[in-house]
Amino acid sequence: MYDLGLSPLTSRAKRVSLRLAQVFTSWLLFAGAVHATERVEFTRMIAHWSGYADPGYLPFVDDAKPEVAQVGFYGAHFWSLADTPFGSGYPAHLPVRGHRECGEWFARLNTELHRRGVKIVGHLNVKFLVGDPQSPEGPRGFFRFYRDQWDEKLLGPKPVIDPLDLLEKDKTGKPLSEQNYSIGGMREYWACLNNPHWRQVLKAWVRCGIARGVDGFIANYFYRHDCHCDYCVTAFRQYLRERFTAGELKQRFAITNLAAHPFDEIAAWHDPAQSTPLRREMLRFSQIANKKAFDEVFVKFGRSLKPDLIAAQWNHLGDFSQISGDERCFLPADLWGKDEDYLWYSTGDAANHTDLAAGVLGEGTLQARYIRGAFDDKPFTLGKYESVRIRTAIAELAANGGAPMGFYTAFEDPEARREIVRYYSFLRRHEPLYRANRSHPEVLLLFPRRRVHEGDVAAIGRFKELGKHLLDAHVLFDVLPDDSKVGQASRLSRSGGTPDPRFPDRRVKGAGTGRAGGGSEVTEAPYATTIDPSDMTITVSNVLQRLPSGLSRFSAPTTVRVSASCPGNATGAMKRTILRGEADAPEPTEITLHFVNYNREEPKGNRGSGVKDDKPIASPAFEADFKLPMSGPSPALRAPSPLSAGESDGVRRRVPGRGSMSAQRAARAIRVEFLTPEAQQAGELECEQVTEPGGRGARLRFRVPGFLVYGIVRIELANSE
């Protein structure tokens, strides 16, 4: 601590100081509570593990104008490698050597980014340690840092003396170790997130990162392995004790004495073909434990230091890998995304190459819609490792509620940089269409998490087949987990409930969700019908015939994907409080239709090596027949607000509505225009609006012009008189 030479406080000064401290504490608590209901909103981000020290990085930021930069390292990779000769390579590509020198470098970078109005989210590897506890030259990597370089002035006291006490261990007590990356010839070890001492290490790193100017963290390497340390064994026994009775443990798992039962494994991800009920409980335990660690370190501790701290996770989905992948596949619905601000899901190698003749578009559309639905419309991005089809990757996320990013796109390449800047400029010019927007679906496709939790991953195959068929047919649909509140209600009430105001002949009831993972209010799900892959009678051959008549139709090629959204109402702020299913959510004043074209000249013999190999083939013009929404929905069809909802014995009850379906009327389009990043000016489209038979709705018909990769149609609405 610095001695500033202040004289002792007088009694009055002490009282004033105490009062100020109380006010400040109250403000922190208030700010934290506000953050719990507000949302971080952004539509453009960049993310880099390398190249950020390039002299062209900041000029690129000046040109692209992202809202968020995911850059810099503050976790285990930094502390393991910054003071070694190997920090400049994979994964972190640290710009200078030395913990102090590199930390100061990142602090200066953060200052420069803040000067440009950019929020900084730093990478924080939460457990993947590189080093050797012993070697001919002594401890290396992380173990040298912990023994010799831990700075108590910066990080506080060491939680334990021996770093081996922080590690995941096998049944014999030996630390788990691998040598897959062999950075500098060193091995890889894994810290245990269930270990309270390791959480203290993470908190020290979080405190240090905040001091260096980050606005948030994204936690990566967020796994749990088959760890048998005392903390994991004790926690797993407690998990089983709270979840099952003694009789259930004996009947289901042949556990007769939980306190003394020897576990051969406490598995996490595993081969679905080798799954058992007990292994799935182990996986569920693992993911809940990791979430508890995340919440303790980033949500509770991090936001106690910085109430508006952005908290995010880097997860892996691939081609909907479940049980053997996806850090959230067994996480209970009420914890899925709770108190998190944005989400990165890696698709790995599943969505960055095409085989157009076989109908493979190299897309993450279905993944994006699943994440958007599960994450309650909060910002997310897909890690596609795409360095060729840069425009398609940006358009795909923008069209489906995500935040495009520039990860692994070589901004040093003038052509790549030009396209990133062109597309980001387009998103920025039309920001009101993207910020905090909500999907405008007509159909709901359920993601079969319940079947996955029973070990049935074949249901995921059916989900993907049905999803692709709907995408090829240009159906406007959402994806929601079937264990979410809306998903459960839609699954159970497909044949009954309250009329959907936009499709008066269909009846679907849903339940609203909130920012923290669930709410008790009842609201109407805006879907004409629900498709449940768990229903074996629904197949690819008959799913389209099961859809109601009167849905929107588009005669686009199957290499084009179509989606629709309604703009948010907080266009100028980083925060918003509009929640899915909110009682008095505003009626849409316009609809945005998004069209993403995947057609291209495919490279011969390889996938290409940069934007020079991206040769899109423009989509031809096609016809659109769009079903206009109904305006002025009856209060009876809305979720009760806290002021209108009653409670009895803790159960939320419906309050009778004040209106009726007779109040419904078709919206009227007053302007339709087409925009694309390849053109500076919007083009107004000729359209025809027709009333459906019986006056039960209206349709808008127009021709979508040809476009190269991405085009949108803005439909401005007004109520019919």
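These legends describe close-up views of a predicted model.

**View 1. An open sheet of four antiparallel strands.**
The strand order is β6-β5-β8-β7. The edge positions belong to β6 (140-141) and β7 (177-178). Each has a single partner strand, so one side of each is left without a neighbour in the sheet. Inside the sheet, β5 (residues 128-132) runs antiparallel to β8 (residues 187-190). Four bridges join β5 and β8. Look for F128, which stands opposite W190 of β8.

**View 2. Helix α2 and its buried face.**
Helix α2 spans residues 57-64. Its buried residues are Y57, F60, V61 and A64. Seen down the axis of α2, they fall within an arc of 105°, so they line one face of the helix. An α-helix has 3.6 residues a turn, so residues three or four places apart point the same way. The cover over the buried residues of α2 includes two strands, β2 (45-47) and β3 (68-73). It also includes two helices, α4 (99-115) and α13 (414-429).

**View 3. The largest nonpolar core, centred here on Y57.**
This core holds 106 residues. Y57, W198, W205, F298 and Y710 touch the most other members. Helix α7 (residues 196-211) gives the core its largest share, eight residues. A second core of 37 residues lies apart from this one. Its members include A268, L317, C329 and L551. In soluble globular proteins, nonpolar side chains tend to be buried together.
Which residues does Y57 touch, not counting those up to four places away in sequence? Among them are I46, H48, G51 and Y52. A69, V71, L109, L113 and F411 are also touched by Y57.

**View 4. Two non-glycine residues with positive phi, K65 and F320.**
Most residues other than glycine have a negative phi, and most peptide bonds are trans. K65 has a phi near 55°. K65 comes just after α2, in the loop between α2 and β3. F320 has a phi near 65°. F320 sits in the loop between β10 (310-316) and β11 (342-346).
Are these residues buried or exposed? K65 is partly exposed, with a relative accessible area of 39%. F320 is buried, at 3% relative accessibility.

**View 5. A cis peptide bond between Y90 and P91.**
Omega is about 5° at this bond. P91 lies in the loop between α3 (76-81) and α4.

**View 6. Cysteines C192 and C232, without a disulfide.**
A disulfide is a covalent bond between the sulfur atoms of two cysteines. How many disulfides does a search of the whole structure find? The count is zero. For C192, the closest cysteine sulfur is in C232. The two sulfurs are 3.5 Å apart, too far for a bond. The cut-off is 2.5 Å between sulfur atoms. C192 is buried, with 2% relative accessibility. C566 is buried too, at 5% relative accessibility.

**View 7. An open sheet of three parallel strands.**
The strand order is β15-β14-β20. β15 (477-481) and β20 (529-531) stand at the edges. Each pairs with a single strand, so one side of each has no neighbour in the sheet. From one strand to the next, the twist averages 30°. Five bridges link β14 (residues 443-447) and β15 in the parallel sense. F447 has P481 in β15 as its bridge partner.

**View 8. Helices α11 and α16 across the parallel sheet.**
Helix α11 (residues 365-374) lies across β14 and β15. Its angle to β15 is about 60°. Helix α16 (residues 458-472) lies across β14, β15 and β20. Its angle to β14 is about 155°.

**View 9. G568 and its contacts from elsewhere in the chain.**
G568 is in the loop between β22 (560-566) and β23 (575-576). G568 is buried, at 12% relative accessibility. What does G568 contact, leaving aside neighbours within four places in sequence? The contacts are P432, R435, A436 and N437. The C-alpha atoms of G568 and L433 are separated by 7.2 Å. Along the chain, G568 and L433 are 135 residues apart.

Terms used. Residues are numbered from 1 along each chain as its sequence is written. This is a predicted model: local features need pLDDT of at least 70, side-chain atom pairs count only at pLDDT 80 or more; totals for chains, interfaces and linings use all residues. Side-chain values use heavy atoms; hydrogens and water are left out. Two strands pair if DSSP finds at least two bridges between them. Buried means under 20% relative accessible area, exposed over 50%, partly exposed in between (1.4 Å probe, protein chains only). The arc is that of the directions from the helix axis to the C-beta atoms. Contact means heavy atoms within 4.5 Å. Axes are lines fitted to C-alpha atoms, for helices over the stretch in contact, and angles run from 0 to 180 degrees between N-to-C directions. A nonpolar core is a set of buried Ala, Val, Leu, Ile, Met, Phe, Trp, Tyr and Cys residues joined through side-chain atoms within 4.5 Å.
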